[in-house]
There are 2 protein chains.
Amino acid sequence: RYVPADHTRVAFNGGFWKSWTETVRNVTIPTQHMRLDEEGFLEVLDFDKPAGPLARPIQPSGLSMQHFFDSDFGKWIEAASYTLKNNPNADIDAKIDAIVEKLEHGQMADGYLNSWFIRREPEKRWTNLRDLHEMYSMGHLLEGAVAYYEATGKRRFLDVMIRAVDHIIDTFGREPGKLRGYDAHEEIELALVKLYRVTRDPRHLDLATYFVDERGQMPSYYDEEARKRGEDPASYVFQTYAYSQAHMPVREQTQVVGHAVRAMYLFSAMADLAFENDDESLKSACDRLFDNLVGRQLYVTGGLGPSASNEGFTREYDLPNETAYAETCAAVALGFFSHRMAQIELDSKFTDKLETVLYNGALSGISRDGEHYFYENVLESHGQNRRWKWHYCPCCPTNIARFITSLGQYFYSTKADEVAVHLYGENAAELTVGNAFLRLNQKTEYPWNGDVGISLGLEQPKHFTLRLRIPGWCRDAKAFVNGEAIKLDIVKGYAAIEREWKDGDEVRLAFDMPVDRLYAHPAATEDNGRFALRRGPVIFCVEEADLGTEPQRLRLPSQGEIAASFDETLLGGATVLEGDALEADASDWQETLYRTEPPALKPRRFKAIPYHLWANREPGAMAVWLHEK
Amino acid sequence: RYVPADHTRVAFNGGFWKSWTETVRNVTIPTQHMRLDEEGFLEVLDFDKPAGPLARPIQPSGLSMQHFFDSDFGKWIEAASYTLKNNPNADIDAKIDAIVEKLEHGQMADGYLNSWFIRREPEKRWTNLRDLHEMYSMGHLLEGAVAYYEATGKRRFLDVMIRAVDHIIDTFGREPGKLRGYDAHEEIELALVKLYRVTRDPRHLDLATYFVDERGQMPSYYDEEARKRGEDPASYVFQTYAYSQAHMPVREQTQVVGHAVRAMYLFSAMADLAFENDDESLKSACDRLFDNLVGRQLYVTGGLGPSASNEGFTREYDLPNETAYAETCAAVALGFFSHRMAQIELDSKFTDKLETVLYNGALSGISRDGEHYFYENVLESHGQNRRWKWHYCPCCPTNIARFITSLGQYFYSTKADEVAVHLYGENAAELTVGNAFLRLNQKTEYPWNGDVGISLGLEQPKHFTLRLRIPGWCRDAKAFVNGEAIKLDIVKGYAAIEREWKDGDEVRLAFDMPVDRLYAHPAATEDNGRFALRRGPVIFCVEEADLGTEPQRLRLPSQGEIAASFDETLLGGATVLEGDALEADASDWQETLYRTEPPALKPRRFKAIPYHLWANREPGAMAVWLHEK
């Protein structure tokens, strides 16, 4: 079992992540608080004032977005807290304390804490776990409380939330007199594991275990709960509890179904519990579900959940590009799940996907200026997709923010005599291996360049194994220790170098990084006759801003060079790809829509940019999957 | 100006349309009445009983499908009436009379007639023309009344509807004290022209003219009406009156927008009024809108309106295949519009599209057994699209039924000394040219074969011009009169043969009918890198039922023979296409979703069937647009 690095001890002082982490800290975090304030999210905590009109109306499911406003400032507190240790900020600190004070003031005597139900419908608390996100909201507050406590040592928020958890323990469980329920929107489960790791109170872990194990047991709690409300369970808006992964016990599930974010939060909690409880059958379920996702249901960008109608999965291999839902939250949460799996079993199949979302389908969710967002991350557009300042349901902005403000933890893991390097990108880390203190500096232009220099700082020589992930995208990797080539001993995608390391040792990795044409499985029919461009971990796209026309009109040769170069003028600097293409010529079509003569194809050049940077310039069409000639 | 043939004098006693017309008459019409009865559509007329619970709940727009149940039995009466003259049927007759009796009984003293408002919300009548389909329903009753009167000579229903129209005339118009409204769902306009053609009462034509001219005038009636209801006009669910083609006066419209069926019903009425009022500027608007539709917004099948969200148009060239809405009603109504335009100006650009919908995107809306339907006519499927027995909103079944039971009128038009032949397909017609009686028999296997024999029967020789449509799909057409080749004199797609015709004259047309590969305009990006197969007027598709796998996996060569043959075992007999293809092989992919090696392509044969016959066998994937290799 590995333990992730302390993210506060991994500094991105140069390279790719420097400006992203600075932007999120300096722009994203403060502007998100402004938006929460402007949009009335914080007013829900003015418990002494009468509740005003709804900021968000009730949906056909009975849910208003306002039911889970708590989750949004909870996630913002979490994201902001991750920045505070290394960058103390009295203003942010005061803003969090103000929220905590209101939460504490509003908390009910029995520990119950949810701004909607306390203020608007106290008599309805715990009557509709199927639709109303009650514990989802509490889970995000709990994650925020843990993060704030760890950043500042201040216990007030944590204590509020421990009381709230005590109340949940009193209310739910298998014991007589308790409700055998669990929230349809998973979240509290993984938050409880975080709490347990702070408190080491076994009741906190047990509650998470109960929620995961109770999920999907029949007869369904949601049927019973609906009948208690006087409703016919068959009238459920989403028709099947697969929407919430509650259609069968989680250990029996083999196909990833339903709402994508719910699925990833559940699987993250399952991985946490497999880790904490040493639970092999839960680990097996996670493996099966991960493999199903990656093998049949994942966009090449790491996006997931193709459909807007259930914000989630449909059938296997259904990966439409223009209507891809691929919510930012889901990609971030796949990062959570992948990362947790890698702590149990060091296998690059997990960390390869962590890297994919990080450089593609999650990062695309935030603009280069740090204050505009995508909720849906399409892989093809005719220009109608614009980044927004805030969203009707703004779950994604704080999710990508907390991912990036805690990024360091994803780069490294350690155990007694091992250090695992999962991700590449310039940074300076402080780790503990066994009882030794290790400084580990990555010097690299990754992901633009496959050369990575790693220098080790040690007070005294130390025998341990350095495990270096050899990226799945790389077909030719070399490693050197102090200038000397070494033979790679690769197990599950990680090259092990076991030796006595000493201060000043240098490891150099050379990952060959050609431009690849990627083809999709024939059953993923949307991509038939097309390929996507990848270089290193980065997926590229063609944007109308460069092409002057819709990229869908291109035909790209299946052979021939596509050159990579660094363009320092592009949005702070990025690698671009350029090559020869053909363009379907519309000039001789006039008002003809169909004809027997194929369109003429005229030669031209094309340029592709990293997918995560799309829609940061003038609006226009975009495509990841390009027609092959 | 041309006048369409009397459909009761065009008999389909052989060839392609024989079994379709028989099936619709013998199966479709009786089963549709059963469905209307089973589903409670006819109970809404039990005016003396208290109104029961809603059969269809209220939508967010405020509309229940039940608001317009009248339209469904109105359209069924119309469809059924068209069969009665040549095939008297006491049972159908009695069923219609029963409905008429109830309608007459329920009609209000002032002539108002709408089952919803009379029975449920009399105080709300005429308060929401924007959402509630009040005159749409009356329009369909009116079309039914005209058809029933013409078929049987019975005036009772017609008189009921004339009183209803009188009430509308008293209520709406520019005169002081009247409401300056018009229904957001067009339909009454074209129904009023039909009524006028029976009554020759100028007030009936004037009312239609008023509705069309008032449409889209600013300030909007719908704004004013919403304020009267105490609603904010800005809260309109569909956001723009373009949804109802009411965003600007109709003569100023140049792009086809909004709900597709509404648009086609409006344009049909505009064409009717251009014809009746000799209105050049209205005719010009129709031309512009027709050209915009055909040049930029029409599926190759004649389907139209790509989006489910507004049941209509989005942006130009947006023609997604798998999510095509392409409602059956819209294709049928494009038939109406095209046909009306051809009466004003004999141009095959109109009748080519009439033929396209007839053999493809409209006919696909009904199953070969005559009692299952498609509402949405997708051009690509993974097998999830099944024909249904009845639909939640069952507007399409009766629409395709009335199209087919009155089919004869679309084949021919006449004026003083001209006969125009618009469509081909075996039939025997009785026409009047000048004061002469003309029998015109088509002997042909069309659309499976391009040879058409036309024999003329005349009591005495008669000088007139026979105008024969040379189909737009045909690149090599020959014509023979009494065995002798003639030089084709083609004007706007019609070959004119002017001569003294005598009894027993024979015209033979030979339309070369190769298999064509059709390519789409490069801006129609969904079809880039693909082609569709067409032979004669028929668009083909590949179905999993023949292929054994998803047709999306095929790559078809851009050259090489595709052979056509008649398969008499296929759903009553149809031409099929067969040729060589390659199939993307998934056998060496296992659980890999993306890889750098393209899929292997293995040679195989493929078969294509007419698009209108798809989904009549076991469920499976289907594609019209096939990947080109």
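Which residue forms a salt bridge with A:Arg530, and how far apart are the closest N and O atoms? In this predicted model, the partner of A:Arg530 is A:Glu380, with the closest N and O atoms 2.9 Å apart.

To place this pair, it helps to begin with the division of the chain. The domain assignment splits chain A into domain 1 (39–50 + 66–237), domain 2 (245–409), domain 3 (413–511) and domain 4 (517–627). Between domain 2 of chain A and domain 4 of chain A the C-alpha centres are 26 Å apart, and the contact draws on 25 residues from domain 2 of chain A and 27 residues from domain 4 of chain A.

The area buried between domain 2 of chain A and domain 4 of chain A comes to about 2,300 Å², with carbon and sulfur atoms giving 57% of this area. On the side of domain 2 of chain A, the residues that lose the most area to domain 4 of chain A are A:Val300, A:Tyr317 and A:Arg368, which together account for 24% of what that side buries.

As for polar interactions, the count between domain 2 of chain A and domain 4 of chain A is one salt bridge, while 16 residue pairs, both at pLDDT 80 or more, are in polar contact between these two domains. Helix H13 (348–361) and strand E3 (380–381) of chain A each supply at least two residues of the side of domain 2 that touches domain 4 of chain A, and the largest share of that side, four residues, comes from H13(A). By residue class, this side of domain 2 of chain A consists of nine nonpolar, eleven polar and five charged residues.

Definitions and conventions: Residues are numbered from 1 along each chain as its sequence is written. Chains are lettered from A and ligands numbered from 1 in the order in which they are written. This is a predicted model: local features need pLDDT of at least 70, side-chain atom pairs count only at pLDDT 80 or more; totals for chains, interfaces and linings use all residues. Side-chain values use heavy atoms; hydrogens and water are left out. Domain bounds come from an automatic or database domain assignment. Contact means heavy atoms within 4.5 Å. Buried area is the accessible area (1.4 Å probe) that two parts lose on being put together, summed over both. A salt bridge is a side-chain nitrogen of Lys or Arg within 4 Å of a carboxyl oxygen of Asp or Glu. A polar contact is a pair of N or O atoms within 3.5 Å; within protein, one must be able to donate a hydrogen and the other to accept it, and residues adjacent in sequence count only if both atoms are side-chain atoms. Ala, Val, Leu, Ile, Met, Phe, Trp, Tyr, Cys and Pro count as nonpolar, Asp, Glu, Lys and Arg as charged, and the others, Gly among them, as polar.
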